[in-house]
Amino acid sequence: MVGAAAVVIAILAVGVLIIVHEAGHYLAAKWSGMRVSRFSIGFGPVLYKTQRGETEFALSAVPLGGYVQIDGMNPEDGTDANDPGAYHAKPFFAKFGTVLAGPAANYLLGFVLFFLFYAFLFAEPVPPVRVTDVVDDRPAAEAGLKEGDLIIGVEGQDFETVQGLTEAIQASEGSPVPFVVERDGTRRVLPVIPELEELSGRYLIGIRFEGSDTRPNPLGPVQGVQVAALQLVNSSYGVLLGLSALVGQGLGLDAVDGPIGIVRDLSGQVERSSAQALAYIARLSVVLGFFNLLPVPALDGARLMFLLVGAVRRRPVEPRLEAWIHLTGFALLFTVLVLVSIRDVFE
């Protein structure tokens with residue numbers, strides 16, 4: 001059972017990711033001379049608010065994201081068409097930069113957290129490999145592997161590193177891999193037949209795993225910068241693969257983590273290792289940034305797309321049409337978030 005302190009830390013960490021995202025929009029808008037009337041964390045009824053200059057900072061009741069209300073971005077907000085502080089009065093690059101700044105802030109935070117982790121806190125996982133999750137109806141589950149099992153190596157050879165598990169799976173090219181597994185103090189051999197995932201071209205067996213122990217191995221600032229940058233790319237590519245699998249394989253909402261599921265997973269990370277939790281938060285920040293860049297109505301990516309279309313056409317997309325599209329997209333996304341959250345509550 002995850003402790004209350006770990007849950008509170010996880011909730012605060014997710015809140016920070018949302019605040020950083022919205023702060024990116026807010027700071028870019030202010031720098032561009034736009035007027036920001038509200039900075040809200042959450043949606044719906046306001047629980048707490050305070051006025052700072054022209055901006056109302058609010059905490060709202062539904063903790064499923066946040067928003068920055070920039071005057072003139074919504075054509076129905078009553079902003080004067082000639083108002084120099086309005087979003088619509090600013091040049092293309094000011095509007096584009098303001099929208100892009102939210103995801104960019106998440107990527108920047110992800111880089112900083114990855115750097116801190118790898119440069120100063122990285123601890124190298126060491127074998128044996130502990131299975132932390134087994135996916136139903138995949139090769140590992142069919143072979144009898146269970147959560148909590150220790151994978152010592154393949155028959156005749158123990159793993160020297162945790163990466164040895166992945167190397168053994170890829171080297172199999174689909175042939176059975178005789179894993180030596182320890183469960184309740186007893187060793188046994190479980191042959192597992194990896195499956196080829198066409199999207200990535202890699203062989204997989206359907207488990208999550210970690211080293212059963214760690215040894216400190218901080219990489220230092222120079223290598224930390226390099227690895228942090230690489231992790232931004234790898235994390236983004238991982239999200240892309242996941243989305244491709246979600247669409248290509250017709251997976252349902254069961255394959256999507258909602259806010260409650262994310263907090264639950266992060267809470268577990270906090271309990272196991274605060275350093276590993278830092279890396280997990282860094283990945284979440286990148287995921288949030290990447291997801292918001294998707295050209296889905298109501299997300300930043302769709303707003304950027306409309307701006308680009310307007311620039312190519314040399315006249316903006318009709319503001320009310322764009323606003324209606326974003327409103328429809330928001331309603332759909334909010335519905336999905338609520339459904340996933342309800343599922344997570346009863347899991």
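Q: Helices here are DSSP runs of H or I with at least four residues, and strands are runs of E with at least two, numbered from the N terminus. How many of each are there in the protein?
A: This is a predicted model, and on that definition the protein has nine helices and ten strands. The C-alpha trace spans about 75 × 45 × 35 Å along its principal axes.

Q: What share of the residues in the protein is buried?
A: Of the 347 residues, 41% are buried. The word is reserved for residues under 20% relative accessible area. As for the outside, the protein exposes about 18,800 Å², and 62% of that comes from carbon and sulfur atoms.

Q: Why is Asp71 called buried?
A: Asp71 has a relative accessible area of 13%. Buried means under 20%, so Asp71 at 13% is buried.

Q: What makes Asp71 and Arg35 a salt bridge?
A: Their side chains come to 2.7 Å, N to O. The cut-off is 4 Å between a side-chain nitrogen of Lys or Arg and a carboxyl oxygen of Asp or Glu, so this pair qualifies. The pair links distant parts of the chain, 36 residues apart: Asp71 is in the loop between strand 2 (55–70) and helix 2, while Arg35 is in the loop between helix 1 (4–31) and strand 1 (36–52).

Q: Why does Arg35 count as partly exposed?
A: Arg35 has 23% relative accessibility. Partly exposed covers the range between under 20% (buried) and over 50% (exposed), so 23% places Arg35 there.

Q: How do you know that Glu124 and Arg215 form a salt bridge?
A: The N to O distance between their side chains is 3.2 Å, and the limit is 4 Å, so the pair counts. Glu124 sits in strand 3 and Arg215 in strand 10, 91 residues apart, and the pair links distant parts of the chain. With 23% relative accessibility for Glu124 and 42% for Arg215, both fall between the cut-offs of 20% and 50% and are therefore partly exposed.

Q: What makes Glu182 and Arg187 a salt bridge?
A: Their closest N and O atoms are 3.5 Å apart, which is within 4 Å. Glu182 is partly exposed, because its relative accessible area is 25%, between 20% and 50%. Elsewhere, salt bridges that share partners join Arg35, Asp71 and Asp83 into one network. A search of the whole structure finds ten salt bridges.

Q: Why does Glu322 have no salt bridge?
A: The nearest side chain of opposite charge, Arg303, is 4.2 Å away. A salt bridge needs a distance within 4 Å, so the pair does not count. Glu322 is buried and belongs to helix 9 (residues 319–346). Leaving aside residues up to four places away in sequence, Glu322 touches Arg303, Phe306 and Val317.

Q: What makes strand 6 and strand 7 a pair?
A: Seven bridges join strand 6 (residues 177–183) to strand 7 (residues 186–192). Two strands pair when DSSP finds at least two bridges, so these two do. They run antiparallel, and the bridge partner of Phe179 is Leu190 in strand 7. Two residues lie between the strands in this hairpin, where Asp184 takes a positive phi near 55 degrees.

Q: Which residues are buried in helix 4, and what covers them?
A: In helix 4 (residues 163–172), the buried residues are Gly164, Leu165, Thr166, Ala168, Ile169 and Ser172. Their cover includes strand 3 (123–134), strand 4 (150–154), strand 6, strand 9 (202–204) and strand 10 (207–216). Just after helix 4, Glu173 takes a positive phi of about 50 degrees.

Q: Why is Gly144 called partly exposed?
A: Gly144 has a relative accessible area of 28%, and that is between 20% and 50%, so the label fits. Gly144 lies in the loop between helix 3 (139–143) and strand 4. Not counting residues up to four places away in sequence, it touches Asp149, Arg183 and Leu190.

Q: What makes Val112 fit for a nonpolar patch on the surface?
A: Val112, in helix 2 (residues 92–121), has a relative accessible area of 36%. Patch residues need over 30%, so 36% is enough on that count. Leu108, Val112, Leu116, Phe120 and Leu121 form the patch, with about 440 Å² of accessible area together.

Definitions and conventions. Residues numbered from 1 in each chain as written. Predicted model: local features only at pLDDT ≥ 70, side-chain atom pairs only at ≥ 80, totals over all residues. Heavy atoms only, no water. Patch = residues over 30% accessible without salt bridge, like charges linked within 9 Å, V, L, I, M, F, W, Y side chains within 5 Å. Areas by Shrake-Rupley, 256 points an atom, 1.4 Å probe, with all protein chains shown as cover. Buried < 20%, exposed > 50% of the residue type's maximum accessible area, 1.4 Å probe, protein only. Contact = heavy atoms within 4.5 Å. Lys, Arg positive; Asp, Glu negative; His and termini not counted.
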